[in-house]
Amino acid sequence: MTIRKKKLREIRHSVVATLRRELLESIRTKKTDTVLVNKDKLKEILVKKEEKDEHQKRLEMVMAKSVQKHDELYKSLVTK
């Protein structure tokens, strides 16, 4: 699963988010096509990005370093 950050933009009385061309191609649509949107499923996949405080940022950095060290150790064991 790939999570991408999207900026919302206001156009007149609507709010829009851009979609990658590859996504449209994967469902065989073009930029001029009309698509159907399942509002219930859309609510499940859209999540507001929350700003993180310094403690959360440090914790994520420590966790990322730990995972990286784990991966390096695992790879060294596999190659032996």
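**Exercise 1. Is Lys57 buried, partly exposed or exposed, and at what relative accessibility?**

Solution. The model is predicted, and the accessibility is computed from its atoms.
- Step 1. Lys57 has a relative accessibility of 43%.
- Step 2. The class between the cut-offs of 20% and 50% is called partly exposed, so Lys57 counts as partly exposed.
- Step 3. Lys57 also takes part in a salt bridge with Glu54, where the closest N and O atoms are 3.8 Å apart.
- Step 4. Both partners belong to helix H3 and are three residues apart, about one turn of the helix.

**Exercise 2. Establish how confident the prediction is along the chain.**

Solution.
- Step 1. The chain has a mean pLDDT of 88, and 98% of its residues reach 70 or more.
- Step 2. Among the elements, strand E1 (residues 9–11) has the highest confidence, at 93.
- Step 3. Helix H2 (residues 39–45) has the lowest, with a mean of 88.
- Step 4. As a caution for reading such models, predicted coordinates should not be read in detail where pLDDT is low.

**Exercise 3. Find the salt bridges and describe the exposure of the partners.**

Solution.
- Step 1. The criterion is a side-chain nitrogen of Lys or Arg within 4 Å of a carboxyl oxygen of Asp or Glu. The count by this rule is three.
- Step 2. One of them joins Glu22 to Arg20, with 3.4 Å between the closest N and O atoms. Glu22 is partly exposed at 47% relative accessible area, and Arg20 is likewise classed as partly exposed, at 38%.
- Step 3. Another joins Glu60 to Lys52, with 2.9 Å between the closest N and O atoms. Glu60 is partly exposed at 40%, and Lys52 is partly exposed at 40%.
- Step 4. The pair Lys57 and Glu54, treated in Exercise 1, also meets the criterion, at 3.8 Å.

**Exercise 4. Locate the nonpolar surface patch and relate its residues to the largest pocket.**

Solution.
- Step 1. The patch consists of Ile27, Val35, Val37, Leu42, Ile45 and Leu46, which together have about 580 Å² of accessible area.
- Step 2. Leu46 is situated in the loop between H2 and helix H3 (54–79). Its relative accessible area is 58%, so Leu46 is exposed.
- Step 3. The largest pocket contains about 1600 Å³ of space, and 31 residues line it.
- Step 4. The lining residues nearest the centre of this pocket are Lys6, Ala17, Leu19, Ile45 and Leu46. Ile45 and Leu46 are also named in the patch.
- Step 5. Strand E2 (14–16), helix H1 (21–26) and H2 each contribute at least two lining residues. H2 supplies the largest share, three residues.

**Exercise 5. Identify non-glycine residues with a positive phi and give their setting.**

Solution.
- Step 1. The background expectation is that most residues other than glycine have a negative phi.
- Step 2. Arg12 departs from this pattern, with a positive phi of about 55 degrees. Arg12 is placed in the loop between E1 and E2.
- Step 3. The cut-off for exposed is over 50%. Arg12 has 77% relative accessibility and therefore counts as exposed.
- Step 4. Arg28 also has a positive phi of about 55 degrees, although it is not a glycine. The loop between H1 and H2 holds Arg28.
- Step 5. With a relative accessible area of 79%, Arg28 is exposed.

Terms used. Residues numbered from 1 in each chain as written. Predicted model: local features only at pLDDT ≥ 70, side-chain atom pairs only at ≥ 80, totals over all residues. Heavy atoms only, no water. pLDDT = per-residue confidence, 0-100. Helix = DSSP H or I, 4+ residues; strand = E, 2+ residues; numbered from the N terminus. Patch = residues over 30% accessible without salt bridge, like charges linked within 9 Å, V, L, I, M, F, W, Y side chains within 5 Å. Areas by Shrake-Rupley, 256 points an atom, 1.4 Å probe, with all protein chains shown as cover. Buried < 20%, exposed > 50% of the residue type's maximum accessible area, 1.4 Å probe, protein only. 1 Å grid on protein atoms, 1.4 Å probe; cavity = no way out; pocket = protein on both sides within 12 Å on 5 of 7 lines; lining within 4 Å. Points joined across faces, edges and corners; volume = space filled by probe spheres on them.
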